[in-house]
Amino acid sequence: MASGSFDALIAKIGDNPLLLAQLARTIAAKGDTAKAHELARRSLALAPDNAQVRFVATEILSRGVPHWHFTIVRDEARNEAYDAALRRVVRPGMRVLEIGTGTGLLAMMAARAGATEVFTCEMNPAVAESARAVIARNGFADRVKVIGKHSADVDAEKDMGGRADVLVSEIVSNDLLSEAALPAHEQAHRRLLKPGAKIIPAIGRVRIALAYDAEGDKKRMSSRCGFDLSDFNVLASPRYHIGRGEKRLTLCSDTADLFSFDFQSGGPWPESKSSAVVHADGRPATAIAQWIALDMDGAGHYENTPESGASSCWAIVIYPFVKTLTLPAGTPVTVRGSHDRNHLTIWPEF
Ligand SMILES: C[S@@+](CC[C@H](N)C(=O)[O-])C[C@H]1O[C@@H](n2cnc3c(N)ncnc32)[C@H](O)[C@@H]1O
């Protein structure tokens, strides 16, 4: 049944919230996500306190919405770094563009910091819709406009009435790149920003060090029940993540930047290779640890430094060695990296 042929059924159901939610589930299974979401939201509006309706409707609406939306807003250091940078940079009369609305948190910060107008684009329609509700509930609907589009599809004149003075975004992943931050910044510079517009964060850096993961052996096969299972290790992922505030990682070298991207410059950033030298401290190392640093606006700074013990919404990315490595203190180790604009590869030179 084509989704258009559900219209008669929808009319017949009328305002029965549970039937609407159940029909939304059927329509979602047929692939008409927009219609399914419309019905799910309508059923919720009709029966906000009905637990069964809520279950069915939120099951549909939450599909395809990354779970990290619920964790990033709990990272107080991240929030504070953005809020402080926006308060320093934004002046009354300024027009701010955000790429990646999420909950609307940064867009509302920009408005609170004094922006006359804030335009925030969000490529996920369900997220854009909920952000509009959040922004309205907080009293910013008159100054914060959610554009339900990917940034590449935003038209400066039609969607924003002109270019912006400030760009703020938090579209950096654990390895900085895999949320396509580089192309998004390049395009925004070319099409959506005034010359000299301020960019927050201004610089993003990929940081590395040698590290010892106390639980690293759980990621490898060795002997079990008298059998050597180590040939299975070619099936182990070449990298894994260590999450917020886990206290199992020790850095065993100095730290270095492997890549640095000056977002303020607007790029372009073609695919490239890089290397950095760190120095072993004499303790055993099981991996290269990679994390990120954001230089917000020339004043503020955010870094999910592995050993700080602070919890961050960004995980540490671990590139494990085949074998534990113990080098005399002071031994230089070259760490190499390459990126194709969206993905990062890191390996040691031994
Ligand atoms: C990590 S969240 C950040 C949300 C919010 N700005 C915050 O900091 O709490 C990134 C959001 O940006 C959206 N997004 C990523 N790249 C985008 C792009 N180029 N254009 C529009 N939306 C984008 C994602 O769908 C996601 O909702």
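The following legends describe close-up views of a predicted model.

**View 1. The shell of residues around the ligand.** In this predicted model, the ligand is surrounded by 19 residues. The closest of them are Arg78, Glu98, Gly100, Glu122 and Ser151. Sorted by class, this shell comprises seven nonpolar, six polar and six charged residues.

**View 2. Polar contacts between side chains and the ligand.** The side chain of Arg78 places an N or O atom 2.7 Å from an oxygen atom of the ligand. For Glu98, an N or O atom of the side chain is 2.7 Å from a nitrogen atom of the ligand. A nitrogen atom of the ligand also lies 3.3 Å from a polar side-chain atom of His150. Of the 600 Å² that the ligand exposes when taken alone, the protein buries 96%. Two elements, helix 5 (69–72) and strand 1 (95–99), give two or more residues to the shell around the ligand.

**View 3. The largest pocket.** The ligand takes up the space of the largest pocket, whose volume is about 880 Å³. Its lining consists of 43 residues. Trp68, Glu170, Ile171, Val172 and Glu179 are the lining residues nearest the centre of the pocket. By class, 18 residues of the lining are nonpolar, 16 are polar and nine are charged.

**View 4. Secondary-structure elements in the pocket lining.** At least two residues of the lining of the largest pocket come from each of helix 5, strand 1 and helix 7 (105–112). Helix 5 contributes the most, with three residues. Helix 5 and strand 1 also appear among the elements that give two or more residues to the shell around the ligand.

**View 5. The cis peptide bond before Pro201.** Ile200 and Pro201 are joined by a cis peptide bond, with omega near 0 degrees. Pro201 is located in the loop between strand 5 (193–200) and strand 6 (203–213). Most peptide bonds are trans.

**View 6. The cis peptide bond before Pro268.** The peptide bond between Gly267 and Pro268 is cis, and its omega is about 5 degrees. Pro268 belongs to the loop between strand 11 (256–262) and strand 12 (272–279).

**View 7. The backbone at Leu176.** Leu176 is not a glycine, yet its phi is positive, at about 75 degrees. Most residues other than glycine have a negative phi. Leu176 lies in the loop that runs between strand 4 (164–169) and helix 10 (181–191).

Terms used:
Residues are numbered from 1 along each chain as its sequence is written. This is a predicted model: local features need pLDDT of at least 70, side-chain atom pairs count only at pLDDT 80 or more; totals for chains, interfaces and linings use all residues. Side-chain values use heavy atoms; hydrogens and water are left out. A residue is near a molecule or strand if one of its heavy atoms lies within 4 Å of it. A polar contact is a pair of N or O atoms within 3.5 Å; within protein, one must be able to donate a hydrogen and the other to accept it, and residues adjacent in sequence count only if both atoms are side-chain atoms. Accessible areas come from the Shrake-Rupley method with a 1.4 Å probe; for residues, only the protein chains shown count as cover. On a 1 Å grid over the protein atoms alone, a cavity is a set of points where a 1.4 Å probe fits but cannot get out, and a pocket is an open set with protein on both sides within 12 Å along at least five of seven lines; lining residues have an atom within 4 Å of a point. A molecule sits in a cavity or pocket if more than half of its atoms lie within 2 Å of its grid points. Helices (H or I, at least four residues) and strands (E, at least two) are DSSP runs, numbered from the N terminus. Ala, Val, Leu, Ile, Met, Phe, Trp, Tyr, Cys and Pro count as nonpolar, Asp, Glu, Lys and Arg as charged, and the others, Gly among them, as polar. Grid points are joined across faces, edges and corners, and a volume is the space filled by probe spheres set on the points.
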